[in-house]
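These entries record what I looked up, topic by topic, in the structure shown below.

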Amino acid sequence: MSMKGLLSSLLIAATLPLTAIAAPIVIGYQTGVDPSKVAQADGVFDKAIGQPLDWRRFNSGPDVVAALASGSIQIGNLGSSPFAAATSRKLPIVTFLVSTQIHSAEALVVRNASHINDYHDLKGKTLATPFVSTSHYSLLAALKHWGLKPGDVKIVNLNPPEIAAAWKRGDIDGAFVWSPALSQIEKDGKVLTDAKQVGEWGNPTFEVWVARKDFAEQHPEVLANYAHVVLDSLYHYAQHPEDYSATSENAQKIAKLVGVSAQDIPGLLSGSLYPTYPQQLSPQFLGGGTATATKATAKFLVEQQRIPAVLTDYSPFISTKYVELSHKP
């Protein structure tokens, strides 16, 4: 199905009644690659919600958290680590959709010139990652798995554009990060591990769409329609991956939004798992697994002295309501 056909289907079959919103809806997105970026580029979200949306690009999850806390955005895209940190501090947000389970889309790349053959060679090296991001969490988990302490390596806090620049200057030996920085540093580096492998070791990472709780309570139809567009985008990709080939129009649109080459898009898209509508509501994700994984992430962050405490229950920050509404006739 074309994106135009997808929009027609969405508007005819599933759009919920809209409540008038005086102020612009501001959405914070990041540079991770996923199929719904095509809908963003084509204005599908704006048409489904019924008004132009103000899209703002962020380089890391903590920046999105700060914007949510200040009220400068109403909806944002977060990785599991910044989400766990934010909810552990009781920031009034709610997850209404799991957008991706991260696999090879985030990875630890070491530069060829640093002569790092395996994890034993990391001692004394300088590694960069955006602090309190999913990549930071994966890096710390990998070091723990390998029996290395954070003090065995120098870990510096850089956002993705800064990582690409530091790599080019030769200031760092490696980085755990996502695209577009990941695609850039892989050109003269090698992958030592990735988020999928770290997940198999017991520390999976994922990304979620969240909203301020006050906005979610006042405008459930906005989140439901937003979730519907994302889920239809993910379904379209699952059914027609050929529509996202390196030479496709879809790949060009995603590449322009996130700042990578269209040639990299197929590989980057295949680097994550995209939960379908039934999976979203299952015990694996919004039906319980997301809360459990968030608590496990928070425990690890406490252990690494990144946050002060773990909450007893993270389910109040996660809701199936909006996905359920998104598919009601």
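Entry 1, terms. I take two residues to be in contact when heavy atoms lie within 4.5 Å. The model is a predicted one.

Entry 2, Q304. With that cut-off I listed the contacts of Q304, leaving out residues up to four places away in sequence, and found that Q304 touches L140 and P150. I located Q304 in the loop between α15 and α16 (321-326). Is Q304 buried or exposed? Its relative accessible area is 16%; buried means under 20%, so Q304 counts as buried. I also checked a pair remote in sequence: Q304 and A141 are 163 residues apart along the chain, yet their C-alpha atoms are 9.6 Å apart in space.

Entry 3, the sheet. I traced an open sheet of five strands with mixed pairing, in the order β7-β6-β8-β5-β9. Its edge strands, each paired on one side only, are β7 (154-157) and β9 (189-194). From one strand to the next the twist averages 25°.

Entry 4, the neighbours of β8. I looked up the pairing on each side of this strand. Strand β6 (residues 126-129) pairs with β8 (residues 174-178) in the parallel sense, over two bridges. The pairing of β5 with β8 is antiparallel and runs over five bridges. G174 in β8 has L127 opposite, and V110 also stands opposite G174.

Entry 5, burial of β8. How many residues of β8 are buried? I noted five of the five, so the strand is largely enclosed by the rest of the structure. In a regular strand, side chains alternate between the two faces of the sheet. I therefore listed the faces of β8 separately, in keeping with that general pattern. On one side G174, F176 and W178 are buried, and on the other A175 and V177 are buried, which leaves both faces covered.

Entry 6, helices across the sheet. I recorded that helix α6 (residues 134-145) lies across β5 (106-111), β6, β7, β8 and β9, and runs at about 135° to β8. Helix α7 (residues 160-169) lies across β5, β6, β7, β8 and β9 as well, at about 145° to β8.

Entry 7, α5. I found helix α5 (residues 80-88) mostly covered, with nine of its nine residues buried. Among them are P82, F83 and T87. Which elements do the buried residues of α5 pack against? I listed α4 (61-70), β3 (75-79), β4 (93-102), α6, β10 (206-212) and α15 (289-303). Just after α5, K90 adopts a positive phi of about 65°.

Entry 8, α11. I checked the span of helix α11 (residues 220-239), which has 20 residues. From its first C-alpha to its last it reaches 28 Å, close to the 28 Å expected at 1.5 Å a residue. Of its 20 residues, 17 are buried, and I noted α11 as mostly covered.

Entry 9, the largest pocket. I noted a volume of about 150 Å³ for the largest pocket. Its lining consists of S104, A105, A107, L182, S183, E186, V191, D264, G267, L268 and G271. Which elements give two or more residues to that lining? They are α8 (181-185) and α13 (265-269).

Conventions. Residues numbered from 1 in each chain as written. Predicted model: local features only at pLDDT ≥ 70, side-chain atom pairs only at ≥ 80, totals over all residues. Heavy atoms only, no water. Pairing = 2+ DSSP bridges. Axes fitted to C-alpha atoms, helices over the stretch in contact; angles between N-to-C directions. Buried < 20%, exposed > 50% of the residue type's maximum accessible area, 1.4 Å probe, protein only. Expected span 1.5 Å × (residues − 1). 1 Å grid on protein atoms, 1.4 Å probe; cavity = no way out; pocket = protein on both sides within 12 Å on 5 of 7 lines; lining within 4 Å. Points joined across faces, edges and corners; volume = space filled by probe spheres on them.
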